[in-house]
Amino acid sequence: MATETPEFSMEVVLITGMSGSGKSVALHALEDAGYYCVDNLPPELLLQFVSLERGHKASRLAIAMDVRSATSLPQVPEQLKALRRTGVLVKSLFLDATTDTLVRRYSESRRKHPLSQSDGTNSLNDARRALVDAIELERELLAALREDAHVIDTSIIRPSQLQSYVKSLISTPALQLTLAFESFAFKRGVPTDADFVFDVRMLPNPHYEPDLKALTGRDEAVAHYLRQYPEVGTMLRHIDNFLAYWLDALARDHRSYVTVAIGCTGGQHRSVYIVEELAQSFSSKWVTLKRHRELDALPGRFAATSAGWLSS
């Protein structure tokens, strides 16, 4: 629940996540926003580095860590707690993507995964298997950091959209639960960053109305069409009641971020409308963000090349 925002001596944004998921893109977004950014900082140096920059009167730091520091990553959760005890506002972001997406990005760029044991002489099938194994091992090594962070799925969004997501997240008030509503298309997969997923594919579909097909759930004509059906209102009430009951409990459990994903077939009409309605409903009580995965990926939904994600 919203409370007064306390004063902090410094803000630290920690960026972790899967190799190839866009950590460098996120770091560039924070640099543009005025943060002093450091890439691939060894976890052993985190506390000393923050102390040093605090002595230099720095107020906003962004630090990226990845699996290249695997042996010392288990130290990070306790280090973040130590920073918070000294009055540092810590925001933790974890960038993720599906295994197929990461394999494609590495295959297109011909870069080697940091955990890959392949020497490049294996067959294509063996090389892909080695890459998949490295990615799954990375997931295991980073699981604890993912658990305590806000997760952003970069599988089908563009680098520029990731930058927008990051900037919106860091602008949210301190020590308040941030509620992110996200629409998506089931045919492109369930977002890996979702805490709760609701399926609205059983609702009437504006896609089959010629005058509405090219519009989206943000257009009044689509909203008017959906409001005519009692089951749409029933779905909204059910989701609203579920979240209203459990969000207070999540906030008491010190959750910083909750992502609610609403899915329909194409991610254009029904899920977008439901997200817009829910975001408006909950914005008076919680810090609320909204994303439309399929709409945000346009135009050029498939135009994001591996170079945009593997820049470091």
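How does E78 count by its relative accessibility: buried, partly exposed or exposed? That is a good place to begin a friendly read through this predicted model, and the answer comes in the first point.

1. **E78 and K81.** E78 counts as partly exposed because its relative accessibility is 46%, a value that falls between the 20% limit for buried and the 50% limit for exposed. Its partner K81 is also classed as partly exposed, at 43%. The two form a salt bridge whose closest N and O atoms are 3.4 Å apart. Both sit in helix α3, and because they are three residues apart there, about one helical turn separates them.

2. **R129 and D133.** Helix α5 offers a pair of its own: the side chains of R129 and D133 meet in a salt bridge, with 2.9 Å from N to O. Here the spacing is four residues, so these partners are separated by about one helical turn. R129 is partly exposed, with a relative accessible area of 46%, and D133 is partly exposed with 42%.

3. **The course of α5.** You may like to follow this helix from end to end. It covers residues 124-147, 24 residues in total, and reaches 34 Å from its first C-alpha to its last, close to the 34 Å expected at 1.5 Å a residue. Do look at L141 on the way, since a kink of about 50° is centred on that residue.

4. **The buried residues of α5.** Along this helix, A130, L131, V132, A134, I135, E138, L142 and L145 are buried. What do these buried residues pack against? Their partners are two strands, β1 (10-17) and β4 (88-96), together with two helices, α3 (76-85) and α4 (99-109). Helix α3 is the one that holds E78 and K81, so points 1 and 4 are best viewed together.

5. **R255 and D195.** This salt bridge has its closest N and O atoms 3.1 Å apart. It links distant parts of the chain, as the partners are 60 residues apart: R255 lies in the loop between α8 and β8 (257-264), whereas D195 lies in the loop between β6 (178-185) and β7 (196-199). R255 is partly exposed, with a relative accessible area of 30%, and D195 counts as partly exposed at 37%.

6. **A shared network.** Salt bridges with partners in common join D96, E136, R139 and R146 into one network. For the overall tally, the structure holds 16 salt bridges.

7. **The patch at F242, Y245 and W246.** On the surface, these three residues make a nonpolar patch of about 350 Å². W246 belongs to helix α8, which runs over residues 230-252. With 42% relative accessibility, W246 counts as partly exposed.

8. **S183 in β6.** Which residues surround S183, leaving aside those up to four places away in sequence? This residue of strand β6 touches I262, G267, S271, V272, V275, R291, H292, R293 and E294. S183 counts as buried because its relative accessible area is 0%, under the 20% cut-off.

Definitions and conventions:
Residues are numbered from 1 along each chain as its sequence is written. This is a predicted model: local features need pLDDT of at least 70, side-chain atom pairs count only at pLDDT 80 or more; totals for chains, interfaces and linings use all residues. Side-chain values use heavy atoms; hydrogens and water are left out. The expected span of a helix is 1.5 Å times one less than its number of residues. The bend at a residue is the angle between axes fitted to the seven residues ending there and the seven starting there. Buried means under 20% relative accessible area, exposed over 50%, partly exposed in between (1.4 Å probe, protein chains only). Contact means heavy atoms within 4.5 Å. Patches are made of residues with over 30% relative accessible area and no salt bridge: like charges are joined within 9 Å, nonpolar side chains (Val, Leu, Ile, Met, Phe, Trp, Tyr) within 5 Å. Accessible areas come from the Shrake-Rupley method with a 1.4 Å probe; for residues, only the protein chains shown count as cover. A salt bridge is a side-chain nitrogen of Lys or Arg within 4 Å of a carboxyl oxygen of Asp or Glu.
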